[in-house]
Amino acid sequence: MRIAVLALLWGSSFLWIKLALAGGLAPLHVTVVRCALGAAVLLVLARVARQRLPRGRRVWGHLVVAALFCNALPFLLFSIGEQTVDSGVAGVMNATTPLWSLGLGLLLGTERGLGPRRLAGLLLGFGGTLLIFAPWQQSGLASWGAVALLAAAVSYAVAFAYMARHLIGRGTPPLALSAAQLLMATGLTTLGLPASPHTESAPTLAGVLAVVVLGIFGTGLTFHLNSRLIADEGPTAAATVGYLLPVVSVALGAVVLGEEIGARVVGGMVVVLLGVGLTRTGRKGAGRGRSAVARPVSHLPSSERTADLSTPLSARTTSGVSSTSSQPTAVTPATCQGDSM
């Protein structure tokens with residue numbers, strides 16, 4: 001039941017983005033409010049847990065980069081993308097993040113032991129993405145909005161690699177670290193408000209409610225719920241949630257918004273998820289070094305992405321990395337969820 005609730009909260013993020021945009025909010029406004037409300041929720045949770053925000057300049061410097069690539073930029077890109085692309089498709093594109101992470105790891109030389117299964121998964125995943133957008137067809141989804149969605153997934157991948165190198169095992173409690181990251185993302189996005197185009201009319205009540213739900217539930221509260229899920233049931237449960245997210249986003253888009261689900265899009269989604277699954281098999285060197293903990297579990301973007309990027313590996317029982325597991329499980333911060341997640 002808990003997995004279903006968490007999958008619904010995370011998977012619905014793309015629906016709330018769509019409703020907020022339809023309610024008269026600009027993409028940057030959605031991003032700022034989302035970051036601010038998510039930060040507020042995490043600050044309260046951190047206060048209750050008696051966790052203090054980091055104080056060192058070095059940590060805050062790294063948080064600027066993490067907030068940019070893990071929150072500010074992808075959150076904005078998803079909002080821009082959903083102006084022209086269905087929310088269900090946006091959820092599927094979010095699920096391609098592990099593929100970009102693997103590709104980035106291969107490019108940087110941090111990924112080794114790419115066996116036949118993982119290679120097949122990588123090729124299948126990108127093939128499924130191509131199938132969804134079908135740029136060779138006039139009715140395909142290829143557009144600037146689609147490019148923005150893919151860029152958001154790539155941004156998550158860059159963030160994961162950076163955070164694994166600079167923010168893991170630094171001693172800052174997870175709730176406080178994530179609260180600080182979203183706080184920084186709020187500041188970064190707020191700086192862009194003067195350049196944001198003004199809307200001709202005020203946002204509707206539905207639009208305001210949508211972005212409030214997105215910020216509180218889809219960005220802040222899901223972090224806490226996912227952390228508890230991992231602590232109580234282990235990282236495998238979190239991985240299960242990740243595979244459910246695109247299914248939830250597609251279903252909600254069809255039921256609530258009346259988005260059409262063509263056979264090509266459904267087939268592409270299945271191929272993408274199959275590819276992601278294959279990239280998670282046949283790994284070598286489990287548990288060795290930081291590269292073993294830097295691989296994303298699944299989509300887990302928004303917001304959203306397992307919680308603990310700060311605890312030492314041996315003590316990471318609430319972070320998506322089991323201290324007794326023989327398989328590496330990614331540390332994918334909840335504050336990176338694409339909605340998100």
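A residue is called buried here when its relative accessible area is under 20%. By that cut-off, serine 196 is buried, because its relative accessibility is 7%. The model in which this residue sits is a predicted one, and serine 196 makes a convenient place to start reading it. Serine 196 lies in the loop that joins helix 9 to helix 10 (205-233). Leaving aside residues up to four places away in sequence, serine 196 touches Ala26, Leu28 and His29. One of these partners, alanine 26, is 170 residues away along the chain, yet the C-alpha atoms of alanine 26 and serine 196 are separated by 7.9 Å.

With that starting point in hand, the overall layout can be described. The protein contains twelve helices and zero strands, and its pattern along the sequence reads α-α-α-α-α-α-α-α-α-α-α-α. Of its 341 residues, 52% are buried.

Toward the start of the chain, helix 2 (residues 13-22) is largely enclosed by the rest of the structure, since seven of its ten residues are buried. The buried residues of helix 2 are Ser13, Phe14, Leu15, Ile17, Lys18, Ala20 and Leu21. Just after helix 2 comes glycine 24, with a positive phi of about 100°. A positive phi also appears at arginine 50, where the value is about 60° even though the residue is not a glycine. Arginine 50 belongs to the loop between helix 3 (27-48) and helix 4 (57-81). Exposed residues are those with over 50% relative accessible area, and arginine 50 falls in that class because its relative accessibility is 79%.

Another view of the buried part of the model comes from alanine 180, a residue of helix 9 (residues 174-191). Its relative accessibility is 0%, so alanine 180 counts as buried. Its contacts, apart from residues up to four places away in sequence, are with Leu53, Pro54, Trp60 and Leu63. The C-alpha atoms of alanine 180 and leucine 63 are separated by 7.6 Å, although the two residues are 117 places apart along the chain.

Attention now turns to helix 7 (residues 116-133) and its packing partners. Helix 5 (residues 87-94) packs with helix 7 at an angle of about 165°, and the two axes are 11 Å apart. Angles over 145 degrees count as roughly antiparallel, and helix 5 and helix 7 are therefore roughly antiparallel to each other. Their crossing is left-handed. On the helix 5 side the contact involves Val89, Val92 and Met93, which meet Thr129, Ile132 and Phe133 of helix 7.

Helix 6 (residues 97-108) also packs against helix 7: the axes come within 10 Å and cross at roughly 125°. That angle makes helix 6 oblique to helix 7. The crossing of helix 6 past helix 7 is left-handed. Here Leu99, Trp100, Leu102, Gly103 and Leu106 of helix 6 are in contact with Arg118, Gly121, Leu122, Gly125 and Phe126 of helix 7.

A further partner of helix 7 is helix 12, with axes that come within 7 Å and cross at roughly 160°. This crossing angle makes helix 7 roughly antiparallel to helix 12. Helix 7 passes helix 12 in a left-handed crossing. Glycines take part on both sides of the contact, including Gly121, Gly125 and Gly128 of helix 7 and Gly267, Gly268 and Gly275 of helix 12. The contact also includes Arg117 and Arg118 from helix 7 and Arg264 from helix 12.

Threonine 129, a residue of helix 7, helps to tie these descriptions together. With a relative accessible area of 7%, threonine 129 is buried. Beyond residues up to four places away in sequence, threonine 129 touches Met93, Thr96, Leu150 and Val272. Met93 belongs to the contact between helix 5 and helix 7, while Val272 belongs to that between helix 7 and helix 12.

Helix 12 itself (residues 263-279) has 17 residues, which at 1.5 Å a residue should span 24 Å; its end C-alpha atoms are 24 Å apart, so the two values agree. Within helix 12, Val265, Gly268, Met269, Val272, Leu273, Gly275, Val276 and Thr279 are buried. These residues cover an arc of only 160° around the axis, which means that they lie on the same side of helix 12.

Terms used. Residues numbered from 1 in each chain as written. Predicted model: local features only at pLDDT ≥ 70, side-chain atom pairs only at ≥ 80, totals over all residues. Heavy atoms only, no water. Helix = DSSP H or I, 4+ residues; strand = E, 2+ residues; numbered from the N terminus. Expected span 1.5 Å × (residues − 1). Buried < 20%, exposed > 50% of the residue type's maximum accessible area, 1.4 Å probe, protein only. Arc of directions from axis to C-beta. Axes fitted to C-alpha atoms, helices over the stretch in contact; angles between N-to-C directions. Parallel < 35°, antiparallel > 145°, perpendicular 65-115°, else oblique. Left-handed = near helix turned anticlockwise from the far one by under 90°. Contact = heavy atoms within 4.5 Å.
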